[in-house]
Amino acid sequence: MASLPIRAAALARDTNETSIQIALSIDGGELPSDTDPRLLEATSAHASQASKSQVISINTGIGFLDHMLHALAKHAGWSMALNCKGDLHIDDHHTAEDCCIAVGTAFAKALGALTGVARFGYAYAPLDEALSRAVVDLSNRPYTVVDLGLKREFLGQLSTEMVPHCLQSFAQAARITLHVDCLRGDNDHHRAESAFKALAVAIRMATTRVQGKEGEVPSTKGTLSA
């Protein structure tokens with residue numbers, strides 16, 4: 001039986017505003033062999049976790065964003081390392097946006113051809129009183145609808161307005177259709193985190209390989225190309 005291809009990618013994204021290195025493996029396990037050495041040196045980040053199935057290390061310079069990306073990787077089943085040096089002396093916008101663009105870009109590159117996968121995924125995720133729903137389509141047609149009902153100005157050092165923008169930036173770069181709604185909740189931390197966890201579980205469903213569908217495009221059109 002032929003082994004399944006490894007769904008992993010490593011890349012660097014450098015602009016005048018941010019310098020980002022990322023490595024991502026959709027199915028967990030070890031990080032790809034071409035992972036930037038700077039990422040391997042940064043595994044002591046506070047949003048780090050290592051087990052036999054996953055390696056996660058996130059350091060964006062924004063604690064709450066680290067927390068959200070850690071939750072996304074953990075519950076999607078990814079191994080992911082990300083390091084960013086951004087212009088936080090200006091504000092959090094460029095760093096948060098570019099990190100999520102980098103995650104989406106690495107995800108799309110790692111996923112590769114859209115064959116043999118479930119394509120659609122959905123999930124509900126609670127966090128105490130908060131409940132969020134996420135629905136995704138690996139459509140190659142980026143589109144996002146996000147309604148989280150956040151009220152605070154900041155979550156830690158992350159502007160609350162950046163939470164939906166991060167989800168939009170990820171979906172645009174990942175070339176997926178994404179709907180995320182927080183259905184209820186009083187605490188904005190809980191609302192945001194339940195949304196990221198719901199997204200993670202929905203993505204895990206959508207990227208699941210369907211036995212017997214190897215090489216098949218999950219579309220009536222016969223293609224999911226751009």
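This passage walks through the two sheets of the structure and the helices that lie on them. The model is predicted, so to speak of a local feature a pLDDT of at least 70 is needed, side-chain atom pairs count only at pLDDT 80 or more, and totals for chains, interfaces and linings use all residues. Residues are numbered from 1 along each chain as its sequence is written, and side-chain values use heavy atoms, with hydrogens and water left out.

Helices (H or I, at least four residues) and strands (E, at least two) are DSSP runs numbered from the N terminus, and two strands pair if DSSP finds at least two bridges between them. Strands of a sheet pair through backbone hydrogen bonds, either parallel or antiparallel. An open sheet of five strands has the order 1-2-5-4-3, and its pairing is mixed. Strand 1 (8-14) and strand 3 are the edge strands, each pairing on one side only. From one strand to the next, the twist averages 5°; for such angles, axes are lines fitted to C-alpha atoms, for helices over the stretch in contact, and values run from 0 to 180 degrees between N-to-C directions.

At one edge of this sheet, strand 3 (residues 47-50) and strand 4 (residues 55-59) run antiparallel and are joined by four bridges. The two strands form a hairpin with four residues between them. Across the pair, Gln49 stands opposite Ile56, and Ala50 faces Val55. Helix 2 (residues 63-76) packs on the sheet, touching strand 3, strand 4 and strand 5 (79-86), and its direction makes about 160° with that of strand 4; contact here means heavy atoms within 4.5 Å.

Helix 3 lies across strand 1, strand 2 (18-25) and strand 5, running at about 35° to strand 2. Thr95 belongs to this helix (residues 93-111). With a relative accessible area of 0%, Thr95 is buried (under 20%, against over 50% for exposed and in between for partly exposed, with a 1.4 Å probe and protein chains only). Leaving aside residues up to four places away in sequence, Thr95 touches Thr18, Thr60, Ile62, Cys84, Gly86, Asp87 and Leu88.

The other sheet is open too, with four strands in the order 6-7-11-8 and mixed pairing. Strand 6 (120-127) and strand 8 (143-147) stand at the edges with a single partner strand each, so one side of each is left without a neighbour in the sheet. The twist averages 10° from one strand to the next. Seven bridges join the antiparallel strands 7 (residues 130-137) and 11 (residues 177-184), with Asp137 partnered by Thr177. Helix 4 (residues 162-174) lies across strand 8 and strand 11, at about 160° to strand 8.
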